[in-house]
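Visitor: I am new to this structure and would like to be shown around it.
Guide: Here it is; ask as you go.

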Amino acid sequence: MTKKPKWVVEKEQSKKATAAETVWLFGLHAVRDALLNPKRQKLRLMVTLNAQTKLADAIAESGIEAELVDPRKFKAPIDPNSVHQGAVLEVKPLHWGSLAENCIGAEVPRVLLLDRVTDPHNVGAILRTAEVLGASAVIGTRHHSAPETGALAKTASGALERQPYLRMRNLSDTIVELQNMGFIVLGLDGEAEQTVEASLEGRRDRPVALVLGAEGPGLRQKTKETVDQLVKIDAAGEFGSLNVSNAAALALYASVAR
């Protein structure tokens with residue numbers, strides 16, 4: 001029998017691990033939105049009597065059977081410091097589909113790309129911003145961006161269930177793919193000469209993708225070389241860099257405001 005190459009074995013193992021992967025969501029808001037999301041595969045719901053009462057309509061609509069747990073014996077498989085409010089839900093990660101399926105179709109598409117943004121609280125806040133300002137998708141990478149977690153879902157305050165969050169294999173390849181779809185891809189960099197607004201003067205009707213790096217290191221060199229242009233957020237004076245979720249909100253707003 002021919003031995004499988006190492007890369008084939010690793011790929012198969014990765015596929016199996018992904019198939020077996022589940023996420024524990026916690027908190028009344030995150031659990032309610034997941035229960036009401038028909039696209040979300042729900043596996044196990046644990047609630048206290050108080051939480052069950054508050055979520056009664058969502059539980060009924062989802063069709064899942066809730067496990068009633070004594071608040072003093074609430075030992076869900078989540079970080080003990082997590083504020084679960086008496087409700088946890090085990091789910092499968094969402095699958096949003098391909099880049100083209102999510103980024104083509106809106107009248108004037110806007111997309112956010114994250115270059116090694118690993119903090120789930122930042123990504124959760126960015127998902128909320130993206131939903132409010134009408135972005136088509138938020139895109140990270142499989143190995144260097146925050147995966148779906150309870151903490152991310154709680155910070156996203158329901159947006160995780162509605163806002164496409166794609167995790168692609170390679171960010172530079174994704175940027176090139178978006179460029180081939182007609183997107184203008186702008187990288188946020190405090191040292192850039194032109195602002196977001198100035199770079200899009202006369203081109204706001206074009207699809208735009210904004211790339212943001214992690215606080216501190218910023219965009220990787222390869223990312224800087226692949227984007228169409230480096231831009232900055234217009235600042236009133238000399239001050240430190242913005243939190244990445246705040247930068248995402250301002251840059252996205254600047255790209256759509258007229």
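**Salt bridges, cores and single residues**

Guide: In this predicted model, a network of salt bridges links Asp33, Glu131 and Arg162.

Visitor: How many salt bridges are there by this rule?
Guide: The rule asks for a side-chain nitrogen of Lys or Arg within 4 Å of a carboxyl oxygen of Asp or Glu. Counted this way, the salt bridges come to 10.

Visitor: How many residues apart in sequence are the parts that Glu148 and Arg40 tie together?
Guide: Glu148 forms a salt bridge with Arg40, with the closest N and O atoms 2.9 Å apart. Glu148 is in the loop between β6 (137–141) and α7, while Arg40 is in the loop between α2 (28–35) and β2, so the parts they tie together are apart in sequence by 108 residues.

Visitor: Is Arg40 buried or exposed?
Guide: Buried means under 20% relative accessible area. Arg40 has a relative accessible area of 2%, so Arg40 is buried.

Visitor: Which residue meets Arg40 in a salt bridge from the loop between α7 and β7?
Guide: A salt bridge of 2.9 Å, N to O, joins the side chains of Arg40 and Glu161. Both residues of this pair are buried. They link distant parts of the chain, 121 residues apart, and the one in the loop between α7 and β7 is Glu161.

Visitor: Asp115 forms a salt bridge with Arg220; which of the two is partly exposed?
Guide: The closest N and O atoms of this pair are 2.7 Å apart. Asp115 has a relative accessible area of 1%, so Asp115 is buried. For Arg220 the relative accessible area is 32%, so the partly exposed residue is Arg220.

Visitor: Which helix gives the most to the largest nonpolar core?
Guide: The largest nonpolar core has 48 residues, and Leu112 and Leu127 touch the most other members. With 6 residues, the helix that gives the most to this core is α11 (residues 244–256).

Visitor: Which residues is Leu43 in contact with, leaving aside its neighbours within four places in sequence?
Guide: Leu43 is found in strand β2 (residues 42–47), and its relative accessible area of 38% makes it partly exposed. The C-alpha atoms of Leu43 and Thr22 are separated by 8.8 Å. With those sequence neighbours left aside, the contacts of Leu43 are Thr22, Ile64, Glu90, Val91 and Lys92.

Visitor: What is phi of Arg116 near?
Guide: Arg116 is in the loop between β5 (110–115) and α6 (120–132). Its phi is positive although the residue is other than glycine, and the value is near 60°.

Methods. Residues are numbered from 1 along each chain as its sequence is written. This is a predicted model: local features need pLDDT of at least 70, side-chain atom pairs count only at pLDDT 80 or more; totals for chains, interfaces and linings use all residues. Side-chain values use heavy atoms; hydrogens and water are left out. Helices (H or I, at least four residues) and strands (E, at least two) are DSSP runs, numbered from the N terminus. Buried means under 20% relative accessible area, exposed over 50%, partly exposed in between (1.4 Å probe, protein chains only). Contact means heavy atoms within 4.5 Å. A nonpolar core is a set of buried Ala, Val, Leu, Ile, Met, Phe, Trp, Tyr and Cys residues joined through side-chain atoms within 4.5 Å.
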